[in-house]
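Welcome, and thank you for taking a look at this protein with us. Please have the sequence and the 3D view open as you read.

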Amino acid sequence: MAIFSVYVVNKAGGLIYQFDNYVPRAEAEKTFSYPLDLVLKIHDEKVVVSFGQRDGIRGMSSVATSSGVFRILLFAIGSQLSPEVGSSGIEMLETDMFKLHCFQTLTGIKFIVLADPRQSGIDALLRKIYEIYSDFALKNPFYSLEMPIRCELFDQNLKGALEIAEKAGNFGPGS
């Protein structure tokens, strides 16, 4: 079991923290010879590198821009998908490959965890991440609200919490 990623999103919808804990290895590798057939295209308002088609494989990759702003619209998606009128957003979204868990605080900060569908104890992990955020980001005199989190103690404690969650599956009352 694994926890893939942790995201912290501010109340305006901007990504203020991202940690990729587990990156699955590619199941198959394909090598291409030089020169590649590269074509830049615009797809869904993004610049995409299209590699053409070779051996039945068509490759595309996004080109990231430095000024691009990452936004997760969980509230909008959750409100549209939810059968409940007046839904407050997504708490959990399950697929065959992962589960997306979201914990929204009263101040509007969202903590999002992508994990293996079999991983247990994610709700306790989300509360623990909120506790770590409160202790190591909010109490840091150099941290400004709504800004990206750049705190080594936050990183260290988050990694420790993820290791415990992956091994034990949950947090006890004393952790």
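The sections below go from the overall layout to a hairpin, a helix and the salt bridges.

## Overall layout

Please keep in mind that this is a predicted model. The protein has 3 helices and 8 strands. Following the chain from its start, you will meet them in the order β-β-β-β-β-α-β-β-β-α-α.

How much of the protein counts as buried? Of its 175 residues, 33% do. The accessible surface amounts to about 12,200 Å², and carbon and sulfur atoms account for 54% of that area. As for contacts between residues at least 6 apart in sequence, 44% of them join residues at least 24 apart.

## The hairpin of β1 and β2

Let us begin with two strands. Strand β1 covers residues 3-9 and strand β2 covers residues 15-20; the two run antiparallel and are joined by 5 bridges. If you would like one pair to look for, take Val6, whose bridge partner in β2 is Phe19.

Between the strands of this hairpin lie 5 residues. Gly13 is worth a look here, as it takes a positive phi near 95°.

## Helix α3 and its two sides

Helix α3 is made up of 17 residues, from 152 to 168. From its first C-alpha to its last it reaches 24 Å, close to the 24 Å expected at 1.5 Å a residue.

Which residues of α3 are buried? They include Phe154, Leu158, Ala161, Leu162 and Ala165. These residues lie on the same side of α3, because they cover an arc of only 100° around the axis. Turn to the other side of α3 and you will find Glu152, Lys167 and Ala168, which are exposed.

What covers the buried residues of α3? The cover includes the hairpin strands β1 and β2, together with helix α2 (122-138). The hairpin described above therefore returns here, since β1 and β2 are part of what covers the buried residues of α3.

## Salt bridges

How many salt bridges does a search of the whole structure find? There are 3. One of them brings together the side chains of Arg118 and Asp116, with an N to O distance of 3.1 Å. The two partners differ in their surroundings: Arg118 is exposed, at 61% relative accessible area, whereas Asp116 is buried, at 11%.

Helix α2 also holds a pair. Lys128 forms a salt bridge with Glu131, and their closest N and O atoms are 3.6 Å apart. Lys128 and Glu131 are separated by about one helical turn, because they are 3 residues apart in α2. Lys128 counts as buried, with 17% relative accessibility, while Glu131 is partly exposed, with a relative accessible area of 37%.

Asp135 and Lys139 form another salt bridge, in which the closest N and O atoms are 3.3 Å apart. Here Asp135 counts as partly exposed, at 33% relative accessibility, and Lys139 is exposed, with a relative accessible area of 61%.

Terms used. Residues numbered from 1 in each chain as written. Predicted model: local features only at pLDDT ≥ 70, side-chain atom pairs only at ≥ 80, totals over all residues. Heavy atoms only, no water. Pairing = 2+ DSSP bridges. Helix = DSSP H or I, 4+ residues; strand = E, 2+ residues; numbered from the N terminus. Expected span 1.5 Å × (residues − 1). Buried < 20%, exposed > 50% of the residue type's maximum accessible area, 1.4 Å probe, protein only. Arc of directions from axis to C-beta. Contact = heavy atoms within 4.5 Å. Areas by Shrake-Rupley, 256 points an atom, 1.4 Å probe, with all protein chains shown as cover. Salt bridge = Lys/Arg side-chain N within 4 Å of Asp/Glu carboxyl O.
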